[in-house]
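The following exercises concern a structure to be examined alongside its sequence. Each task is followed by a solution that proceeds step by step.

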Amino acid sequence: MGSYILRRVLQSLLILLGISFLTFVLLYLIPADPARQIAGRSATAQTVENIREQLGLNLPFYQQYFRYLTGLVQGDLGRSYLQKTEVGELIASRLPATLLLMLGAIVCELAIGLTMGLVAALRRNTAADTSLMVLSFVGVSSPQFVIGILLLYVFAVQLGWFPIGGYGTFRHMVLPSLTLGFLGAGWYSRMMRSSMIDVLRQDFIRTARAKGLKRWQVLFGHAMPNALLPIIAMIGIDIGLFMSGIVVVESVFGWPGIGQLAWQAIQRVDIPIIMGVTLVSAFAIVLGNFLADMIAPLIDPRIKLR
Amino acid sequence: MSETSPTPQTDKKTVLSVRDLKTAVATPQGQKIVVDGLSFDLREGETLCIAGESGSGKSMTALSIMRLLPEPMARIAGGTIDLGGRDLTALGESEMRKVRGDDVAMIFQEPMTSLNPVLTIGRQLREAVLAHESVSRAKADARALEILRDVRLSEPEQRLKQYPHELSGGMRQRVMIAMALACHPKVLIADEPTTALDVTIQAQILQLMRDLQKETGTAIVLITHDMGVVAEMADRVIVMQHGRIVEDNAVAPLFAAPKDPYTAELLAAVPKLGAMAGKDPANAHLQDGAAAKVVEVEDLTVRFNLKGGVLHRVVSRVHAVEGVGFDLHRGETLGLVGESGCGKSTIGKALMNLVPWEGSIRVCGEHVMRSRTAAADRGYRRNLQMVFQDPYASLDPRMTVGDLVGEPLVIHGLARGQELEDRVAGLFRRVGLTPEQMRRHPHEFSGGQRQRICIARALALEPKAIVADESVSALDVSVQAQVLDLMKELQDEMGLAYLFISHDMAVVEQVSHRVAVMYLGQIVEVGTRRQIFENPQHSYTKKLLKAVPIPDPGRRRDAFEVPTGEIPSPVLPLGQSVERVRYVDVGNRHLVAEAP
């Protein structure tokens, strides 16, 4: 177990190193000149050259990358060219809002998805099953900005149940969480349905019934833990999906998280921020998968980590 | 017949009475009656065996009594099931729930899948108690421990905390029995309870069921296809065919003088251990005493690495096969027997180069290399082919059977066009099918026909030897007998050599010229059929032979000489090696491993 964790941590560090390198290369290739951006249009060539010198932008590629990496190891994500602040600070100030949104989304997608999937599995091949699966199909295939705007229009503009945007109270959280979780709910309902149908066919379910257990005992005591196994593994991967979703959702709802930060940075080609957000996202995905793998053996005793 | 077993007990009261039971299954072609007018009475302490081949409706009967049919696809269409004055067919689901596990309990065939993999043994046992008795959790746990002791499971305290995957098949079946008996049911229905188990474990489980029956007086309905188990266990036997009872009689007269022709046929088809005693196997291709060696295996070793640690390096190895050597001659069948995990199937796979191996394998005098060019690989595969265990899984469902049989010829570039067609047609005739069937798909054939197709495919390249890995194990006895006959015919005609891998001692005795017994990756005894079956020398061979139930109630062993324990693990940490056995020749090349 200990050696498994150690190996996974080493692997994760390697992945993060690879991602930092890839992002660095990509951003190095962008034809924008940071020195010119910082100095402004009216600056002289000499000023621009000075800034370039200061930032080390005239160094060869590998030296620039090495400087960046040295900073990274010390926890320094660099400095925004335009906002003149530390990238680490910027992200840290935005992260809580994003985490809160993701938590809300996970709750939404699990509550909606698992319930839908369970009902569909138990009412297999009925009208209820079909309509639930059509709904899940809509969830899986609708772009998030469409869902977000629809929800905004119906529940905020027309009905006025929730605020149009912003951050602060529970009511602010509902619509963004729903939007972000809608896609996942669609996936989970499908997974839960097929997983549950599969488990209900297993021999041990028949054994449980042969013991004389009540229907709900068979369903929640025996079938549920088995049906949830593939879904736990999905939640880890989900965090990656969220990372792409938050850019859209936070923009639609004006949610002050790192998605919005990234969006603004992309528009202004603020390379240090883009790098920072990418790395934090990668870290979140790696961490999510790691946690999912750690949780799996707690639920399924057959999984041995080694 | 030693008379400790209870024969007709008219004084004992009837606990279960089934009358005119009909069970229907919905199929795309409409409703099909799978149990048709079944009636029987079951008395206290009695063991009733329901015997029959696959599709006879015996399992459906069990599920009907438990009311566990997969509704709405299957349902009870008529009749009554009377248990202590109540008609089970008329009970609602919540009433029936109270009957299940309390009055009628059931154990199933597959111990590997019949327990919930994510719950502890203790939790699953406790549940069985709590489902019917309102006692405290602690009391239920105490009961769980007590019943585990009753089924003689080793270290019961530890077992309660373990999960099913940590237990062997035999141990799991004990847990299933414990669970079924938790509330002292009046009737225990056991559906093929030992079919998935090795013979020595089967003997242990059967003995346990008999002991528990004596202690508790539970009536048992034992459903089985194995006439050996029937003879060993039954007081009374019902033989089913196509959903109907064809014969219902006490066990002794049924075996001695079957009244129904189907029963007689069934009994005749059962391979009986010892049936070949005194007979020397004929080998048409061995007359000169020295037929050519087709396969020569020396010092064959197969090990699988298990990885672990920070750097994911090899930490231990499964020693599947350790230094095995044997020869296979033209026209000869070498039976390879042993229990699951002994490495017999791995030897077959190594011969076909499907697993990495070490040592020396020669086919028709030519060394087989572990890594070869595709051309060399084809050359040797022409001489050695394989027929697998599961005829359902080893045929591609999307190809026509004609294409499947012709595929080896195409791959080897041996025939095309009309010639290919003709040769495949010839192969179909050869294995007892008609060339008209070539255009059909595998799902249109029965298990026996599919195994014929697999044999035809193996024959396509006119190999010198065939590895038959449990090739008839999945078939019903009557079909099994036909396939074995076909294999024998082909051997006489073409001089084929078979490496016949099987767990079934009786079948091996029937077909083999020579027999090798495997235990923990090594051959512990090898000799002619008569040497092994009439004069077994190694303790493991003896144990194996004793454990086989004999389909003759007259030779019933009331107290089995029950082999104890389980086979030790072939997994060893890196650095440790298996001690190789040394052989002693006890006469006429009958080799026996020396006791360590």
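**Exercise 1.** Determine what covers the buried residues of helix α16 of chain B in this predicted model.

*Solution.* Begin with the residues to be covered: the buried positions of α16(B) are V477(B), V479(B), Q480(B), A481(B), V483(B), L484(B), M487(B) and Q491(B). Then turn to their surroundings. The covering elements of chain B include the helices α10 (261-269), α15 (447-459) and α17 (505-511), together with the strands β13 (333-337) and β18 (497-502).

**Exercise 2.** Establish what end-to-end distance should be expected of α16(B), and what follows this helix.

*Solution.* The helix comprises 18 residues, numbered 477-494. Because each residue contributes 1.5 Å, taken over one less than the number of residues, a span of 26 Å is expected. The C-alpha atoms at the two ends are 25 Å apart, in agreement with that expectation. After α16(B) comes G495(B), with a positive phi near 70°.

**Exercise 3.** Describe the make-up of chain A and the contact between its domains.

*Solution.* First, count the elements: chain A contains 12 helices and zero strands. Its C-alpha trace extends over about 85 × 55 × 30 Å along the principal axes. Of its 306 residues, 35% are buried. Among contacts in chain A with a separation of 6 or more, 70% join residues 24 or more positions apart.

Next, divide the chain: domain 1 covers 2-73 and domain 2 covers 88-299. Their C-alpha centres are separated by 33 Å. Domain 1 of chain A supplies 12 residues to the contact, and domain 2 of chain A supplies 10. On the domain 1 side, the elements giving two or more residues are α1 (2-29) and α2 of chain A. The largest share, eight residues, belongs to α1(A). By type, this side of domain 1 has seven nonpolar residues, four polar and one charged.

**Exercise 4.** Is R36(A) buried, exposed or partly exposed, and how is the confidence in its helix to be judged?

*Solution.* Locate the residue: R36(A) belongs to helix α2 (residues 34-39) of chain A. Because R36(A) has 15 C-beta neighbours inside 10 Å, it counts as partly exposed; the buried class requires 20 or more, and the exposed class 12 or fewer. R36(A) and K84(A), 48 residues apart in sequence, are 15 Å apart in space between C-alpha atoms.

Finally, consider confidence. Chain A has a mean pLDDT of 85, with 99% of its residues at 70 or more. Among its elements, α2(A) has the lowest mean, 74, whereas helix α9 (residues 203-210) has the highest, 92. Predicted coordinates should not be read in detail where pLDDT is low.

Definitions and conventions
Residues numbered from 1 in each chain as written. Chains lettered and ligands numbered in written order. Predicted model: local features only at pLDDT ≥ 70, side-chain atom pairs only at ≥ 80, totals over all residues. Helix = DSSP H or I, 4+ residues; strand = E, 2+ residues; numbered from the N terminus. Contact = placed C-beta atoms within 7 Å. pLDDT = per-residue confidence, 0-100. Domains from an automatic or database assignment. Nonpolar A, V, L, I, M, F, W, Y, C, P; charged D, E, K, R; others polar.
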